[in-house]
Structure formats: structure tokens, C-alpha cells
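Dear colleague,

I am passing on the structure we spoke about, together with notes on what was found in it. Please keep the sequence and the structure open beside this message while you read.

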Amino acid sequence: MERNGRWIRVVKLLRWTGKVEDLGSEKDISMERYQQLVGGYFESIVLKTGERAYVNEDASYSNLPLNPLCFLHHIYTQGRDIHPRGNVIVFSDKEWRQMT
């Protein structure tokens, strides 16, 4: 597949309440902001879609609610569909094309 244009990494916040927020480009967000959004220190995981994501590293111990907007990748779940807990920050690559 030929790619025209430039690819950028965009970031979305999937709130456990079911709300999705576009956070913009990955380069515009600090590590402190990621921590604030997930409610503590974060760890990197992979979602069922193959996308990289950040979640609160203590989510399973702190009884955060399940996030209905995504599932963990099968490498973590032995093939079962399991939702991560709390807010999830998702990274996606998107093609950027300049309007002419």
C-alpha cells in the first residue's frame, strides 16, 4: 500500500463512563498529563484492536470500574474478552494530508 502524506500519532481518552475525548497529537502531551488522566502511574498495554494504550498500573487492585469501550489483547486474557479498568489512553497512527 502506497502512503502519501505524513503519519502522525493521535491520542484518545476512553473514559470508563463511556465518553471518548480526542487529546490531539502524542507529542503535545506530557507524562504528567497521562498520569493525571489515568489517575496515577500508568503502564503500557495492547488492546484487542492491536493499538497501544496506557492504563493505571494499579487498576485491578484499586477496584476501578471496567471500561466498556475496549478489550484487552488476548495475550493478557488467554482468549477471553476482558475490559481494562478505569480510563484508557489509546494511541493510533493517522495519515495527515495538507489541504491544497
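A good place to begin is strand pairing, where Leu13 has Glu21 of β2 as its bridge partner. Please bear in mind throughout that this is a predicted model, and that the values below are computed from it.

The pairing of Leu13 with Glu21 belongs to a wider arrangement, in which strand β1 (residues 6-14) and strand β2 (residues 20-25) run antiparallel and are joined by 5 bridges. Elsewhere in this pair, Val10 stands opposite Ser25 in β2. The hairpin that β1 and β2 form has 5 residues between the strands, and in it Gly18 takes a positive phi near 100°.

Strand β1 also holds Lys12, a residue that deserves a separate look. Is Lys12 buried, partly exposed or exposed? Its relative accessible area is 31%, and because that value lies between the 20% and 50% cut-offs, Lys12 counts as partly exposed. Leaving aside residues up to four places away in sequence, Lys12 touches Val20, Glu21, Leu23, Val88, Ile89, Val90 and Ser92. Of these, Val90 is 78 residues from Lys12 along the chain, yet the C-alpha atoms of Lys12 and Val90 are separated by 5.2 Å.

Turning to the fold as a whole, the protein has 2 helices and 5 strands, which follow one another along the sequence in the pattern β-β-α-β-β-α-β. Among contacts in the protein with a separation of 6 or more, 53% are between residues 24 or more positions apart. Of the 100 residues in the protein, 29% are buried, and the accessible surface comes to about 6,900 Å², with 49% of that area belonging to carbon and sulfur atoms.

A second antiparallel pair is made by β3 and β4, which are joined over 5 bridges, and here Val46 has Arg52 in β4 as its bridge partner. The hairpin of β3 and β4 has 5 residues between the strands, and Gly50 takes a positive phi near 90° in it. As for the setting of β4, 4 of its 5 residues are buried, so this strand is largely enclosed by the rest of the structure.

The loop between β4 and α2 (74-77) contains Asn63, which has a positive phi of about 60° although it is not a glycine. The value is worth pointing out because most residues other than glycine have a negative phi. Asn63 is exposed, with a relative accessible area of 65%.

Finally, there is the largest pocket, which holds about 210 Å³ of space. It is lined by 13 residues, and those closest to its centre are Glu43, Val55, Ser60, Leu72 and Arg85. Which elements give two or more residues to this lining? They are β3 (42-46) and β4 (52-56), the strands that pair over 5 bridges as described above. Sorted by class, the lining of the largest pocket has 7 nonpolar, 3 polar and 3 charged residues.

With best regards

Technical notes:
Residues are numbered from 1 along each chain as its sequence is written. This is a predicted model: local features need pLDDT of at least 70, side-chain atom pairs count only at pLDDT 80 or more; totals for chains, interfaces and linings use all residues. Side-chain values use heavy atoms; hydrogens and water are left out. On a 1 Å grid over the protein atoms alone, a cavity is a set of points where a 1.4 Å probe fits but cannot get out, and a pocket is an open set with protein on both sides within 12 Å along at least five of seven lines; lining residues have an atom within 4 Å of a point. Grid points are joined across faces, edges and corners, and a volume is the space filled by probe spheres set on the points. Ala, Val, Leu, Ile, Met, Phe, Trp, Tyr, Cys and Pro count as nonpolar, Asp, Glu, Lys and Arg as charged, and the others, Gly among them, as polar. Two strands pair if DSSP finds at least two bridges between them. Buried means under 20% relative accessible area, exposed over 50%, partly exposed in between (1.4 Å probe, protein chains only). Contact means heavy atoms within 4.5 Å. Accessible areas come from the Shrake-Rupley method with a 1.4 Å probe; for residues, only the protein chains shown count as cover.
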